[in-house]
Structures are given as C-alpha cells and as structure tokens.
Amino acid sequence: MPKQAIRTAVKVDLNKPAWEQPQLHNRWHPDIPFSCKVQPGEVVNVECLDWTGGQIGNNDSADDIKYCDLSRIHYLSGPIEVEGAEPGDVVVVEIQDVQPFPEQPWGYCAIFDKNNGGGFLDSHFPNAAKAIWDFEGIFCSSRHIPGVRFPGLIHPGIMGCMPSQELLDTWNEREKELVGYHASIGTDRVVANLPLEKFSHAGSADSDSAAKVAKEGARTIPPREHGGNCDIKNLSRGSKSYLPVYVKGAGLSIGDLHFSQGDGEISFCGAIEMAGIITIKCEIIKNGVKDMCMKNPMYIPGPVEPHYGPSRYLTFEGLSVDETGKQHYLDVNVAYKQTCLQFIEYFKKFGYSGEQLYILLSCAPVQGHIAAIVDIPNACTTLGVPVDIFEFECLPKEGGFEKIITSDCAFSSGK
C-alpha cells in the first residue's frame, strides 16, 4: 500500500487572535474538549502558534516583550484524543519533524522585565531586551547578536496529557500551600502561578465548562507529572516521549516550539521561540504507568543534533559561592548562576553587552551539567559553549582580546 499524505490534525491561523481559535487552549483541565482524534500509529501534523499567541513582532524594539501579557500564555494545540488510551496507560509520542512555517521564517529570544516574568539572572538584568533570529534551513543568525551562527535543535517546549480532576486538585493544593508559606515569611518573589480566570482559554468548551476551567485550570508555566513545560532541548526529531495518561483519550497537547535552546532556558523566554508545524506519531503502552513504575515522564533523545568535537567546547565552572562571596551549602542554583555569569564576563571582552550574552546563553546549543554535589560545602556546575558558533577566534590566549562587536540587542523604549 502506498503511503498516505500526512493529515493536519490541528490547524492554526497566524492572522487570527489565539483566544478566538477553538483548537487552542492555555490551561490544563480535564473538562477542555478534545480538538481532534488520532489513531495509534497514525502520523499527523500539528500546527502551533508561538507561546504568546503572536504577541511578539519582528522589529527592533523590546516594548512587546516588556508589556507582553503573561496571563494569556501558553497557547497549546489540542487536546488531541488518542483513540484507545485509558488512565494508567502510557502514550508514546515520536517526534518525526518540527519546522517553522514557510511564511514566518524567524523567531525571537528575550529577557523579560524583572516585574513581568523575570528570569534566572533578573537581579543582574532587570530590563526587557530582545533578539530576532532569522532561519536559513537548519541554521540561524541574528542582527541583534552579530558574529554568531549555529544549527538549531528544533523541539517543542511543552508536551503533555490532560490531568484527571484528582491530579489537578493535587497540583492546585500543593502550589497554593507553597505560595502561602512564602507569603508568611515575607518572600517578595513569585514562587508559583495559581489558577487565574483572566484570559483563560478553554478551547471549544461551552460557557459553563469554560467558567470551571477558568476557576480551576492549572497554569501552563511549570512542568508537572504529566509532562507540560519541560523545555528539554533533546525532545527533537526522532525522540520518543513516554507520557502518563490520566483521562480517557489522553488529551495530548503540544506547543511552545523552539528553534534552539541552551540547557536551562535561563532567561525565561530563553529559547528561540517560533510558530511552526510538528509531525508526530502516537502509540499506546497499555498499563504502562504501573508496569514501568512511572511517576514522571521519560524520553529517548532523537538521533539528530548539532555536533561539536569535545575539544571545541570552552567550559566554565561555577561554585555555590555567590557574587557577594557568601558561602552556600551544595546549592546548585547558586553555582549555575555563577557559571553563567563567568561566561558573560568572559565574552564581554569581545564587545558584547551583558544582555546579548544572557540571551545567547539561553538559546545557543550550550551544555549545562552538574559536575559534583558531594564535595561539601560547594556544588560545582559547568557550562560548555561550542566555540564554533562564533565567527571569530574566542579561545583563551595571552594578551587579551580585541573588541569586535559594536551593535546591541533590541531594548524597550522605557529603559
């Protein structure tokens, strides 16, 4: 039998507001209706908007980043019913391809304002900034971060199945408890995003169901037991994700496509965000949750990724001693911040701004690792940067470096 043309299971309109498209949603809730159905073994295309639903433009201002409405994100394609999936099963999602839309061959990476999203290093970089990246086949480059060109490892940032009501209630309760605890000790940082009725989008749900989703629906911001916003760069072409099923039909949803991302996606909008098309095939492992002792998803990376020789990575180390000199006990978060800051200070010598390097660190194919967490009191983390992404020689040498970069990324008008 000849192969059939690949069916588009979910189609989006780039020129229509995301919240007016019934095949999209921006909350997790079991009452959101399925947008389509796929058969096990069927290969389908799923079209996706970028994570903000088109709020960010291809321009030289970061005003759209500074004023981006984060109550609207993420717009996910789905939920997709996988025929025959039952609670306790595992859906295996094989990603066969991911591509940007031909009519939109660009993406963006950004630093969110500290008062609107923030990011891993927001105490150092509190203001909004943005870089536009142009795609040329597998490669990307940016007018806002010159001197760099690299291939993308294209992948979805979000992929997960709908929670049961019981699991949803568990999420909401434990996150509410976390927020309450930090409020009681006077923490001024947002530690979790609880259900928010404003701009909730429940797909094709009727008014009563949409109201329930708005009141109870979990925000799409963190990863959870079902998958969700994991931002794992290796979930690219050829990868397989094993996702627990909690409702009949699974309710698979996908979105937040990335052209490239560094380990950690540290600037919050830290990948090269894009709209595009993902090609998937789903299979079912019956009773897989029990048989594989699953509490959280698993995955097998695909065979396709950028390759750089081991000796072509310039690797920075960081310890759990913060920038003020304070000692922390085996704190990987502190150590990784110091690793990132060391990279930024090193490459500033070539003329880049801190904002350019923060963005680059978020979206280039860097390798982040925990090197050691047993040698008290210091955790040690590493960050490997492939030097071949730069169009100039950047390895350490005696005598220092020449400043060759003279342009900057896009900033907001209010900076």
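**View 1. Strand β16 and its partner β7.** In this predicted model, strand β16 spans residues 268–273 and is mostly covered, with 5 of its 6 residues buried. Its neighbour here is strand β7, residues 106–111. The two run antiparallel and are joined by 3 bridges. If you want a spot to zoom in on, try Ile111, which stands opposite Phe268 of β16.

**View 2. An open sheet of 6 strands.** Follow the strands across and you get the order β1-β4-β17-β6-β14-β18, with mixed pairing. The edges belong to β1 (7–10) and β18 (298–300); each has a single partner strand, so one side of each has no neighbour in the sheet. Going from one strand to the next, the twist averages 35°.

**View 3. Inside that sheet: β6 against β14.** Here we pick out strand β6 (residues 90–100) and strand β14 (residues 240–244). They run antiparallel, and 5 bridges hold the pairing together on paper. One residue pair to look for is Val92 with its bridge partner in β14, Tyr242. As a reading aid for the side chains, those in a regular strand alternate between the two faces of the sheet.

**View 4. Helix α5 crossing helix α6.** Helix α5 covers residues 332–348 and helix α6 residues 354–363; their axes come within 9 Å and cross at roughly 130°. That angle is why α5 counts as oblique to α6. The crossing is right-handed. On the α5 side, the contact is made by Cys340, Phe343, Ile344, Phe347 and Lys348, while α6 brings Gly354, Leu357, Tyr358 and Leu361. Sorted by type, the residues of this contact come out as 7 nonpolar, 1 polar and 1 charged. When tracing who faces whom, keep in mind that an α-helix has 3.6 residues a turn, so residues three or four places apart point the same way.

**View 5. Helix α6 on its own.** What share of α6 is buried? The count is 10 of its 10 residues. The buried set includes Glu355, Gln356 and Ser362, along with Ile359, Leu360 and Cys363. Gly354, Leu357, Tyr358 and Leu361 are on the buried list as well, and these four also take part in the contact with α5.

**View 6. Thr52 in its loop.** Thr52 sits in the loop between β4 (43–48) and α1 (63–66). Thr52 is buried, because its relative accessible area is 0%. Setting aside neighbours within four places in sequence, Thr52 is in contact with Cys68, Ile73, Tyr75 and Tyr108. Lys198 is 146 residues from Thr52 along the chain, and their C-alpha atoms are separated by 15 Å.

How values were computed:
Residues are numbered from 1 along each chain as its sequence is written. This is a predicted model: local features need pLDDT of at least 70, side-chain atom pairs count only at pLDDT 80 or more; totals for chains, interfaces and linings use all residues. Side-chain values use heavy atoms; hydrogens and water are left out. Buried means under 20% relative accessible area, exposed over 50%, partly exposed in between (1.4 Å probe, protein chains only). Two strands pair if DSSP finds at least two bridges between them. Axes are lines fitted to C-alpha atoms, for helices over the stretch in contact, and angles run from 0 to 180 degrees between N-to-C directions. Angles under 35 degrees count as roughly parallel, over 145 as roughly antiparallel, 65 to 115 as roughly perpendicular and the rest as oblique. A crossing is left-handed if the near helix is turned anticlockwise from the far one by less than a right angle, and right-handed if clockwise. Contact means heavy atoms within 4.5 Å. Ala, Val, Leu, Ile, Met, Phe, Trp, Tyr, Cys and Pro count as nonpolar, Asp, Glu, Lys and Arg as charged, and the others, Gly among them, as polar.
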